[in-house]
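Reader: I have not seen this structure before. Could you take me through it in questions and answers?

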Amino acid sequence: MDPARPAARSLGVLHGRIVGLDEELDGVGAREVLDLGGRTVVPGFIDAHCHTAWFGLGLIEPSVEGCADFPELYALLRRAVEKMDDDDDGAPAEWLVASGFNHRLFGGRFPDLSELDAATGDVPLFLRHNSGHLAVVNTAALRLAGLHDAGAPDPAGGTVVRDAAGRPTGVVEETAQELFQALFQPRPLARLQAAVERATAAYASQGITSFTDAGIGAGWIGQSPAELAAFQRAAAAGTLAARAQLMPVLDALRPLSGHPSDGLGTGLDLGIHSGFGSDMLSLGPAKVFLDGSLLGETAAVSEPYCSHGSHAGYFQDDPAALRAAIEAAYRSGWAVAAHAIGDRAVDLALDIFDDLQSRYGRRALPNRIEHASIVRPDQVARLARAGIAVTPQSSFFRDGGDGMTASLGAARAAWAYRAASFVEAGIVVAGSSDRPVADGDVLRGMQAYVDRLTASGAVFGSPEERLTRRQALALYTTGAAAATGASRLKGSLSPGKLADAVVLSGSPLDAPQLTDLAVEATFLGGAPTHSLLEKVSA
């Protein structure tokens with residue numbers, strides 16, 4: 001992926017860095033020589049937007065993913081309640097926390113509250129939706145949160161869904177989730193560290209050598225105010241199997257006091273901001289949620305959803321308050337990653353970034369729009385001019401594409417999860433998954449960018465947004481490196497860069513189906529983190 005040197009037959013590594021290719025290694029000895037037998041080596045994959053602790057917790061805690069119907073879901077939760085006990089790590093056993101629910105796989109329906117209560121009894125339940133933007137709770141949880149009675153007010157930026165009589169249905173959206181999470185969080189650091197270790201081992205098995213965790217430390221997306229410590233402990237123990245860039249949620253920042261001339265706003269203690277850290281663990285932009293999700297139809301769009309006469313989503317706070325909070329972080333040195341899915345939220349993000357960049361300049365790390373799911377044609381040029389990086393996810397096409405098309409209508413669906421038009425406009429586009437919201441397998445993500453097929457076999461959005469295989473590979477290598485401010489360190493197999501690489505069974509540029517390829521080994525700084533090769537042990 002280095003345009004100056006697009007291909008090579010041999011690669012030299014010293015102290016975790018690439019030191020030469022082919023003839024540059026003539027006359028140089030090596031402590032170890034690995035012959036890959038004609039396999040293909042590409043730069044290590046970078047997932048520029050995922051949720052690592054959340055994903056890892058889903059590997060440890062109960063999940064309803066795979067349940068074929070509601071009776072099976074209720075039975076799984078009933079068994080989980082029966083097995084509940086205090087964990088060795090000190091986690092509370094008073095709550096049943098589970099994940100993996102997607103209402104679209106149940107015909108758009110949600111669990112019945114009375115059936116949930118029958119399955120879980122007096123144990124409060126928090127069942128996270130795959131989107132992360134809503135959850136399902138039972139009556140015991142509603143009572144503990146003080147939201148069971150009719151007339152309880154909704155929090156700003158969230159909703160407790162109620163029926164026609166005003167009774168809660170058990171579905172809670174957006175910031176309303178925090179009212180329940182506050183009752184069982186923070187999660188213990190020992191459990192979070194174990195979750196991070198499990199998650200990054202899974203990343204390594206799929207060729208991922210770097211990732212950006214899109215929101216830690218606060219809000220409904222965070223697990224603990226001390227969440228960064230779980231990553232730091234894993235890195236110190238040598239059990240962090242991929243390089244981590246962490247985005248603190250904007251709410252985790254607090255007012256900074258310094259000299260009046262500093263002009264500081266909010267940040268972390270000691271004035272730490274984006275870019276702080278090492279090659280293994282560093283801080284990325286501050287993460288802020290402007291709107292919700294397309295799966296839950298809470299994203300802020302300029303025209304109503306097709307399934308709702310007047311519903312066009314909503315912002316997670318008053319736009320003026322969001323602007324003020326973002327500015328306080330930005331003037332303290334933070335780059336900002338704005339979660340903006342609907343085109344109305346993209347407008348707000350662009351207005352804020354244009355203003356802040358003109359007054360304070362650009363940061364060393366790019367400002368980003370996370371997801372950038374619905375982008376009108378007029379917004380594409382604005383993104384390019386402002387130098388904003390975007391992170392759309394092809395992982396939504398297969399399972400969510402048909403539903404999103406129904407929600408948006410065919411005309412707006414052509415603006416959804418753009419790819420080729422972003423690349424052609426010169427916008428920095430990063431490959432990412434949003435795991436565990438969606439599938440995190442990079443090869444499947446690349447294939448989805450190439451064909452854009454939904455579960456029904458239709459092409460999602462515009463066929464003109466399909467990418468070539470090389471463009472798809474670039475999103476998860478050079479594109480993601482640029483979006484994370486790390487182009488000088490990673491993204492291509494170039495001398496001087498980190499020796500992060502993936503060994504594939506064949507070339508992603510030639511394979512008829514990228515999903516037919518196998519990840520046979522993953523190297524981090526030249527050392528294997530995953531291997532199916534006989535002479536290399538993980």
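## Strands, sheet and cores

Reader: How many of the residues in strand β10 are buried?

Author: This is a predicted model. In it, strand β10 covers residues 208–216 and is mostly covered. A residue is called buried when its relative accessible area is under 20%. By that cut-off the count for β10 is 9 of its 9 residues.

Reader: Which residue in β11 is the bridge partner of D213?

Author: β10 pairs with two strands described here. Strand β4 (residues 45–50) runs parallel to β10 and is joined to it by 4 bridges, with I46 opposite S210. Strand β11 (residues 243–248) also pairs with β10 in the parallel sense, over 5 bridges. In β11, the partner of D213 is L246.

Reader: Which helix makes a β-α-β unit with β10 and β11, and what is the hand of the unit?

Author: The helix of this unit spans residues 227–237. With β10 and β11 it makes a β-α-β unit that is right-handed, and the helix is α7.

Reader: Which strands are the edge strands of the open sheet with the order β3-β19-β20-β21?

Author: This open sheet has 4 strands with antiparallel pairing. Inside it, β19 (residues 501–504) and β20 (residues 519–524) pair over 4 bridges, and A501 has F523 in β20 as its bridge partner. An edge strand pairs on one side only, which leaves β3 (40–43) and β21 (527–531).

Reader: By what angle are neighbouring strands of this sheet turned against each other on average?

Author: The angle is an average over neighbouring strands of the sheet. Direction is ignored, and the value is 25°.

Reader: Which helix gives the largest share of the largest nonpolar core?

Author: That core has 100 residues, and F45, F231, L290, L294, I369, L383 and F422 touch the most other members. Leaving out residues up to four places away in sequence, L383 touches L350, I369, V375, I388, V390, F422 and I427. The largest share, 8 residues, comes from residues 343–360, helix α9.

Reader: How many residues are in the second, separate core?

Author: Its members include C67, L73, F106 and V136. The number of residues in this core is 19.

Reader: What is the radius of gyration of the protein chain, and why is the chain called as compact as a globular protein of that length?

Author: The chain has 15 helices and 21 strands. For 538 residues the globule rule gives 24 Å, and the value for this chain is close to that, so the chain is as compact as a globular protein of that length. The radius of gyration is 23 Å.

Conventions. Residues numbered from 1 in each chain as written. Predicted model: local features only at pLDDT ≥ 70, side-chain atom pairs only at ≥ 80, totals over all residues. Heavy atoms only, no water. Pairing = 2+ DSSP bridges. Axes fitted to C-alpha atoms, helices over the stretch in contact; angles between N-to-C directions. Buried < 20%, exposed > 50% of the residue type's maximum accessible area, 1.4 Å probe, protein only. Right-handed = clockwise from strand over helix to strand, strands pointing away. Core = buried A, V, L, I, M, F, W, Y, C linked by side-chain atoms within 4.5 Å. Contact = heavy atoms within 4.5 Å. Rg over C-alpha atoms; globule rule 2.2 N^0.38 Å.
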